[in-house]
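Here are some exercises to work through with the model open beside you. Try each task before you read on to its solution.

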Amino acid sequence: MLSTMNRRIGLLLFIIASVYLYLSFQLPNYPYAPVDADVIPKGLGILMLILSVALFFSRAIETEAEKAKRNIPKKELLVLLAVFAMIFLYILLFEMVGFIVMTAVFIFFCSWFLGYEKWKTNIIVSILFPLGMYIIFVFALGISLPNGILPI
Amino acid sequence: MDAFQGLLAGFQVALSWEGILFVLIGVVVGTLIGMMPGLGPISAIAIMIPITYGMDPAPALVMMAGVYYGAVFGGSTSSILLNAPGISGTVATAFDGYPMAQQGKAGKALAIAAIASFFGGTVSVIMLMLLAPALASVAISFGPPAYFALMLMGLTAISSLSEGSTIKAMISAVAGVMVVTIGIDPQTGTQRFTFGNVNLFDGFDFLVIALGLFALAEVCMLIMNRKNRNLSDDQKLGSLKVTKSDLKEMSGPMTRQSFVGFMLGVLPGAGATIASFISYIFEKKISKNPEEFGKGSIKGLAAPESSNNAATSGAFVPLLSLGIPGSGTTAVMLGAFLVLGVQPGPLLMSDRPEIFWGIIASMYLGNIFLLVLNLPLIPYLAKILSIPRPLLISLVIMFSLIGVYSISFNTFDLYMLLVFGALGFAMRVFSFPAPPFILAFILGGMMEQAFRQSMTISNGSLGIFVNSPLPLALIIVSLLSLTIPAFIKWRSRRLSLKR
């Protein structure tokens, strides 16, 4: 039953649409609004249900190009996950450690991890970019970025 | 204020030192980001939006417009030099541009692309100048039902014209509207799908969606392709010279395709990508020597380049005069307007003439800057293509994170950026087009409002959408735009099965 990718995605979307629709029916009603806040969500939920069923039963066969697109080597997927983990760590820590330090560390390690070998250039960019951005945002645009541990 | 006075006021904005400076910044940044294979105009605009906070709206929007057409202009460089289109609107440019570069005529190809782009851009600004005010004066009488129907048409058009499966494009669009419904309903104050989380009360900021679905997802694709070749240092561009006979050869395609591109740009759903393909095919069909196409034909290079730039200015017609974007890119442009507190639409021309005419006037200037940037300066600009991919990836990630943080000062939005980045990547991998999603996200709130206003006017009767001719016609067109392509696909499959 779940032989093709479209069927699996169709099923997933069907579940999402059902949950969305269930939640739409939980929305409160007010007597004097001609169109209440729940009308559009209900319509969207139903539309999504229909579309997910249509995708599930669609006979469209994946083209070779489409198949090639989703054929990602496991190793590459791990690289991608690692980059996402780095971004996650950045978000977690940067308000505490500070924008300049965290950004410098991120750019250096992320570029190095993705295979950039000229470490001298890497260090220069990792230091100049956060400094430049800090100056533009804080002094030119008046948008404050977290200082963190640096005493600026 | 009549059009002539308006245009004069516009040139006052565009030719002030501030105007000139910001047009220049916009087109330079646009060209550079547009050149990077994998980073498109949507990412370029979204990355630049935080810079405009607190700026005066007129120069800020002049700059953002410059980023957009600059990106389309710059996209051709990497199509020609690397056979890796900078943006989707310049895919067709590579068909003849790359073969020319392989024959050692890279410089000439770049020069032809620049001249064709300049021509297409300028012709289409003239048409924009004539058409936008006319459309705005008609649109001023549109009521909520007509607006609802117009937006519906925009969404169905982009879904049916998207590459690949129409069902997937429609799912993308419906999902975009579903995401907008998260937050406090502006009309009744009801909390929808917030699960009591304070961070969700205002819904998602469009920048989170735009940077996630585009910039971050494009970064993911860059990570996958990080080993693709860069521009090598010793690559020779050759002479930039274009002879008189070249100019003569390209004049026909340039003129024709500027008009074709402009018209496709005005229509909802089409835009630069589709315009460039149609123009390429158009010129190949009418050419006396179609076999030259794909082997470095000057006509095959000039046609898509005039067309995609003409389509870009064309796309400003519905945006400026109706306030309704027709494509993913103009949807993000609308976001840039709204961030600055400017509502485009039929009233823009009379209420904020300096913005309406300032943008139009600045495009003349911007196209001249782009010609200068892309003709004599191109050998230096192209150096940016030799930036190592790993470094580029880290920097784009940082730009996206800073952009989101500087609007909300809230790490919750940064985590959401990551979530939408993953979603955008998954959509690319499983062939769900992202432009319908962003357009639906931008239009969704406006559509719901227009729908509910219409229903309030009609006291709850759906008849208001079919009783007057304009909404009815637009709704019929919307339904047809979804059913006709599906019907054609179904027929062609039946025919092929019979055989």
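**Exercise 1. Describe the fold and extent of chain A.**

Begin by reading along the sequence: chain A follows the pattern α-α-α-α-α-α. That fits the tally for chain A, which is 6 helices and 0 strands. Keep in mind throughout that this is a predicted model.

Next, look at how chain A is divided: domain 1 covers 5-69 and domain 2 covers 74-140. The C-alpha centres of these two domains of chain A are 38 Å apart.

Now turn to the overall dimensions. Along the principal axes, the C-alpha atoms of chain A fill a box of roughly 55 × 50 × 25 Å. Finally, set the radius of gyration against the rule for a globule: a compact globule of 152 residues would have a value near 15 Å, but chain A has 24 Å.

**Exercise 2. Repeat the analysis for chain B and decide whether its radius of gyration agrees or disagrees with that of a compact globule.**

Start with the secondary structure, which in chain B comes to 22 helices and 2 strands. The C-alpha atoms of chain B fill a box of roughly 70 × 60 × 55 Å, taken along the principal axes.

For the comparison, a compact globule with 499 residues would have a radius of gyration near 23 Å. Chain B has 22 Å, so the value agrees.

**Exercise 3. Characterise the packing of helix 10 of chain B against helix 11 and helix 12 of chain B.**

A reminder before you begin: two packed helices are described by the angle between their axes and the distance between the axes.

Take helix 11 (residues 272-286) of chain B as the partner to begin with. Helix 10 (residues 244-266) of chain B packs on it at an angle of about 145 degrees, the axes being 9 Å apart. Their crossing is right-handed. On the helix 10 side, the contact residues include B:Pro253, B:Val260 and B:Leu264, while those of helix 11 include B:Ile274, B:Ile278 and B:Phe282. Sorted by class, this contact has 7 nonpolar, 4 polar and 1 charged residues.

Then move to helix 12 (residues 298-314) of chain B. Its axis and that of helix 10 of chain B come within 6 Å and cross at roughly 30 degrees. Here too, helix 10 of chain B passes helix 12 of chain B in a right-handed crossing. This contact comprises 13 nonpolar, 10 polar and 3 charged residues.

**Exercise 4. Work out what each chain brings to the contact between chain A and chain B.**

Count the residues on each side: 45 come from chain B and 52 from chain A. On the chain B side, the elements that give two or more residues are helix 8 (166-180), helix 9 (206-224), helix 18 (389-408), helix 19 (411-429) and helix 20 (435-457). Helix 18 of chain B gives the most, with 10 residues. By class, the side of chain B that touches chain A holds 28 nonpolar, 12 polar and 5 charged residues.

**Exercise 5. How are helix 4 of chain A and helix 9 of chain B oriented to each other?**

First, find the geometry: the axes of helix 4 (residues 74-97) of chain A and helix 9 of chain B come within 10 Å and cross at roughly 135 degrees. The two helices are therefore oblique to each other. Helix 4 of chain A passes helix 9 of chain B in a right-handed crossing.

Last, list who meets whom. Helix 4 of chain A supplies A:Glu76, A:Val79, A:Leu80 and A:Val83, and helix 9 of chain B supplies B:Cys220, B:Ile223 and B:Met224. These residues divide into 6 nonpolar, no polar and 1 charged.

Terms used. Residues are numbered from 1 along each chain as its sequence is written. Chains are lettered from A and ligands numbered from 1 in the order in which they are written. This is a predicted model: local features need pLDDT of at least 70, side-chain atom pairs count only at pLDDT 80 or more; totals for chains, interfaces and linings use all residues. Two residues are in contact if their C-beta atoms, placed from the backbone, lie within 7 Å. Helices (H or I, at least four residues) and strands (E, at least two) are DSSP runs, numbered from the N terminus. Ala, Val, Leu, Ile, Met, Phe, Trp, Tyr, Cys and Pro count as nonpolar, Asp, Glu, Lys and Arg as charged, and the others, Gly among them, as polar. Domain bounds come from an automatic or database domain assignment. Axes are lines fitted to C-alpha atoms, for helices over the stretch in contact, and angles run from 0 to 180 degrees between N-to-C directions. Angles under 35 degrees count as roughly parallel, over 145 as roughly antiparallel, 65 to 115 as roughly perpendicular and the rest as oblique. A crossing is left-handed if the near helix is turned anticlockwise from the far one by less than a right angle, and right-handed if clockwise. The radius of gyration is taken over C-alpha atoms; the globule rule is 2.2 Å times the number of residues to the power 0.38.
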